[in-house]
Amino acid sequence: MKVAKFGGSSLADGAQLKKVIKIIVADDKRQVIVTSAPGKRDKNDTKVTDLLITYAKQTLQRQDTSAICQAIFDRYLAIAQYFALPEENLTELHKILFELKDHVYPDAKYLMAAFKAHGERLNAYLIAKILNHLGIKARFINPKEVGFLVTSEPNNATVLPQTYQALAQLPVGEERLIVPGFFGLTKEGQIATFSRGGSDITGAILACALKAECYENFTDVDAIYVANPKIVTDPAAITTMTYREMRELAYAGFSVFHDEAIIPAIQGQVPINVKNTNHPELPGTWIVPETDFMPTQTITGVVNSNHFSALYLHKYLLNKEVGATLKLLEIMYKYQISYEHMPSGIDDLTIIFDSDLLTPETKQLMCEDIQAALQPDQLEWIDDYAIIMVVGEGMRDHKGVTQKIIDSVSEHDIGIHMINQGASRISLMLGTKRADAANAVKYIYQTFFEEENK
């Protein structure tokens, strides 16, 4: 049995859904289908999720929502009409959508989560209707009815352990089970979503719970590439990579696969196959356990991310000050801010943060507290900060890789602010200015994939 998840671009309209249905029926093992909300039909279009966010905001502001509701409904209606599904089959869908504004929610965050989740919920409901209309046995699976429980964080939930036991009881058989991605229910019965793009997570959870032979993740690219095609022209495709390689790369900016979705797959040791809905005959990229994996390249991927800031702290004999790190962690806990990395030297320390979690006020208050607690000689925010992550299982077996990476960047006059290597020795992190990050990726790629292969 396989779990297959289809992204928003794969389900944007009737023509795309026709491709998805062809993929589903081409393999009898594709019995559990996870849906995203309809994405953009062209570059000027709006995703259904974004329309639902507008609907939520208008509801919170007590505005007239009839126009935005109709615009959302028309997206689903157009898909139904493509398959000649009579409009009366969408009566329940219409009712659910238009009555969203009338429900009582604990607060604005839960309201927003519930509205966003309905992009996936209504699409799964519609796709099940269309499949049955076409003579393909299918059943819509409501997460509430099957015990898909998540934590009470309305827009950043995580799955609860008991969900795996509940999902293991799903009756996988002749019917295709159509499951909406992206959300679950709290113990209090409220809808809560994973972080954006979280349909990948739903698919991985189902694959783990059902002990699937593989988890197919259909998107709009032929494979996962060594580097961003917007930075490197025609980069090499990755044929096979390990879970931990994908986790490192997804964290630092690989947007093809949600980084949190790797965890359920690891727990269930379910191989993942990332494929293109538009070219399903291509092999795509396999993401597999590390056991018996034999790398064919020194590095597997190189990626940059510009959404970081760094706090640099200098104080003589910092390394001998007992409890200094604890004081820093307590200050971050006070402001509910997590850090990404904390490379240090004898007299200095750099704390790297996700810029999206920081406000100017939080930064100022944290600095005041750190100044009072540690009395550093120098304390400075570095907002012009980017991270380059170089990842590869093959890095462990090759001497001089770190020097080669550094040379490929520094010989082009790119300054390196930070170097950090994990204990696993499969990744190296560099800190640079944001303006230099894309070029750093390009030069590292050239070193390992163009010069090495000459």
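## Sheets, helix pairs and a long-range salt bridge

An open sheet of eight strands runs in the order β3-β4-β2-β1-β7-β11-β12-β10, with mixed pairing. Strands pair here if DSSP finds at least two bridges between them. Helices (H or I, at least four residues) and strands (E, at least two) are DSSP runs, numbered from the N terminus. A further open sheet has five strands, and several helix pairs are described below.

This is a predicted model, in which local features need pLDDT of at least 70, side-chain atom pairs count only at pLDDT 80 or more, and totals for chains, interfaces and linings use all residues. Residues are numbered from 1 along each chain as its sequence is written, and side-chain values use heavy atoms, with hydrogens and water left out.

**The eight-stranded sheet**

- β3 (138–140) and β10 are the edge strands. Each has a single partner strand, so one side of each lacks a neighbour in the sheet.
- From one strand to the next, the twist averages 20°. Axes are lines fitted to C-alpha atoms, for helices over the stretch in contact, and angles run from 0 to 180 degrees between N-to-C directions.
- At the β3 edge, three bridges join β3 to strand β4 (residues 176–180), and the two run parallel. R139 stands opposite L177 in β4.
- At the β10 edge, strand β10 (residues 240–242) pairs with strand β12 (residues 285–288) in the parallel sense, over three bridges. T240 has W286 of β12 as its bridge partner.
- β12 also pairs with strand β11 (residues 272–276). That pairing is antiparallel and has three bridges. I272 has I287 of β12 as its bridge partner.
- In a regular strand the side chains alternate between the two faces of the sheet.

**The five-stranded sheet**

- The strand order is β14-β13-β15-β17-β16, in an open sheet with antiparallel pairing.
- β14 (348–354) and β16 (418–421) stand at the edges. Each has a single partner strand, so one side of each is left without a neighbour in the sheet.
- The twist averages 30° from one strand to the next.
- Strand β15 (residues 378–391) and strand β17 (residues 427–432) pair in the antiparallel sense over six bridges. I388 has L430 of β17 as its bridge partner.
- Helix α12 (residues 401–410) packs on this sheet and touches β15, β16 and β17. The direction of α12 makes about 25° with that of β17. Contact means heavy atoms within 4.5 Å.

**Helix pairs around α5**

- Two packed helices are described by the angle between their axes and the distance between the axes.
- Helix α4 (residues 91–98) packs with helix α5 (residues 108–133) at an angle of about 170°, with axes 10 Å apart. That makes α4 roughly antiparallel to α5. Angles under 35 degrees count as roughly parallel, over 145 as roughly antiparallel, 65 to 115 as roughly perpendicular and the rest as oblique.
- E92, L93, I96 and L97 of α4 meet H118, R121, L122, Y125 and L126 of α5. By class, this contact has six nonpolar, one polar and two charged residues.
- Ala, Val, Leu, Ile, Met, Phe, Trp, Tyr, Cys and Pro count as nonpolar, Asp, Glu, Lys and Arg as charged, and the others, Gly among them, as polar.
- The axes of helix α3 (residues 66–82) and α5 come within 11 Å and cross at roughly 15°. α3 and α5 are therefore roughly parallel.
- Y76, I79 and A80 of α3 touch H118, G119, L122, N123, L126 and I130 of α5. Six of these residues are nonpolar, three polar and none charged.

**The α10–α11 pair**

- Helix α10 (residues 324–334) and helix α11 (residues 360–374) pack at about 155°, with their axes 10 Å apart. The two are therefore roughly antiparallel.
- On α10, the contact uses A324, K327, L328, I331, M332 and K334. On α11, M366, D369, I370, A373 and L374 take part. The contact has eight nonpolar, no polar and three charged residues.

**Salt bridges**

- The count comes to 16 salt bridges. The rule asks for a side-chain nitrogen of Lys or Arg within 4 Å of a carboxyl oxygen of Asp or Glu.
- One of them joins E216 and K2, with the closest N and O atoms 3.8 Å apart. This pair links distant parts of the chain, 214 residues apart. E216 lies in strand β7 (residues 214–219), and K2 in strand β1 (residues 2–6).
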